[in-house]
Amino acid sequence: QAQLVESGGGSVQAGGSLRLSCAASSITYSTYCIAWFRQAPGKEREGVAVRYPRTFTTYYADSVKGRFTISQDNAKNTVYLQMNSLKPEDTAMYYCAASRRACYARDVGGSGRDFGYWGQGTQVTVSS
């Protein structure tokens with residue numbers, strides 16, 4: 001059974017940075033679309049960054065473009081989300097997810113319904 005485990009969430013002030021990690025077991029990231037989603041209270045879940053390691057294809061939501069970077073460490077089978085210049089509106093539960101296919105631009109902003117593997121989530125809180 002595949003398992004994704006996130007870490008790295010926390011509380012920061014606006015303008016600060018955090019790096020989220022997502023370690024996978026029982027799947028090899030290189031053949032999966034890896035994504036970071038977030039869900040704020042009362043809002044729909046949305047994809048913020050996706051990456052297909054095999055081709056390095058990467059997409060970002062407009063709201064995080066230029067501030068967030070998704071990357072991978074194949075040796076550790078871990079995906080990261082570096083979040084810089086954080087804003088209060090970035091406050092949400094962040095989830096990593098995987099789907100055994102290439103990534104598409106439509107994955108960002110989507111709810112991730114066809115992603116079959118999910119982590120437990122890690123909370124990010126940005127104060128003003």
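Contact here means heavy atoms within 4.5 Å. With that in hand, I looked up how far along the sequence the contacts reach. Among contacts in the protein chain between residues at least 6 apart in sequence, I find that 61% join residues at least 24 apart.

**Entry: the model**

I note that this is a predicted model. I checked the confidence before anything else. The mean pLDDT of the protein chain is 94, and 100% of its residues reach 70 or more. I then went through the elements: strand S2 (residues 10-13) has the highest mean pLDDT, 98, and strand S1 (residues 3-7) the lowest, 92.

**Entry: overall make-up**

I counted zero helices and eleven strands in the protein chain. Read from the N terminus, the elements run β-β-β-β-β-β-β-β-β-β-β. The radius of gyration is 13 Å and the globule rule gives 14 Å for 128 residues, so the chain is as compact as a globular protein of that length. I took the spans of the C-alpha trace along its principal axes as well, and they come to about 40 × 25 × 25 Å.

On the surface, I have about 6,400 Å² exposed by the protein chain, with carbon and sulfur atoms supplying 46% of that area. Of the 128 residues, 46% are buried.

**Entry: the four-stranded sheet**

I traced an open sheet of four strands in the order S1-S3-S8-S7, with antiparallel pairing. Which strands stand at the edges? They are S1 and strand S7 (68-73), each with a single partner strand, so one side of each is left without a neighbour in the sheet. The twist from one strand to the next averages 20°.

I looked more closely at S7 and strand S8 (residues 78-83). Six bridges join the two, which run antiparallel. For isoleucine 70, I find leucine 81 in S8 as the bridge partner.

**Entry: S4, S5 and S6**

Next I followed strand S5 (residues 46-52) and its partners. S5 is mostly covered, with six of its seven residues buried.

On one pairing, strand S4 (residues 33-39) is joined to S5 by five bridges, and the two run antiparallel. Alanine 35 has valine 50 in S5 as its bridge partner. The hairpin of S4 and S5 has six residues between the strands, and glycine 42 there takes a positive phi near 80°.

On the other pairing, I count four bridges between S5 and S6, again antiparallel. Alanine 49 stands opposite tyrosine 60 in S6. Which residue takes a positive phi in the hairpin of S5 and S6? I find phenylalanine 56, with phi near 65°, in a hairpin that has four residues between the strands.

**Entry: valine 64**

I placed valine 64 in the loop between strand S6 (57-60) and S7. Buried or exposed? Valine 64 has a relative accessible area of 0%, and a residue under 20% counts as buried, so valine 64 is buried. Leaving aside neighbours within four places in sequence, I find valine 64 in contact with Arg38 and Val48. I also took a C-alpha to C-alpha distance from valine 64 to aspartate 90: the two are 26 residues apart in sequence and 8.6 Å apart in space.

**Entry: serine 99**

I found serine 99 in strand S9 (residues 92-99). Its relative accessible area is 6%, so serine 99 is buried. Not counting residues up to four places away in sequence, serine 99 touches Tyr32, Cys33, Asp114 and Phe115.

**Entry: tyrosine 117**

I looked up tyrosine 117 last and found it in strand S10 (residues 117-118). Its relative accessibility is 29%, so tyrosine 117 counts as partly exposed. What does tyrosine 117 touch, not counting residues up to four places away in sequence? I list Ala2, Leu4, Ile27, Tyr32, Cys96, Ala97 and Ala98. Tyr32 is also on the list for serine 99. As for methionine 93, which is 24 residues from tyrosine 117 along the chain, I get a C-alpha separation of 16 Å.

Definitions and conventions: Residues numbered from 1 in each chain as written. Predicted model: local features only at pLDDT ≥ 70, side-chain atom pairs only at ≥ 80, totals over all residues. Heavy atoms only, no water. pLDDT = per-residue confidence, 0-100. Pairing = 2+ DSSP bridges. Axes fitted to C-alpha atoms, helices over the stretch in contact; angles between N-to-C directions. Buried < 20%, exposed > 50% of the residue type's maximum accessible area, 1.4 Å probe, protein only. Rg over C-alpha atoms; globule rule 2.2 N^0.38 Å. Areas by Shrake-Rupley, 256 points an atom, 1.4 Å probe, with all protein chains shown as cover.
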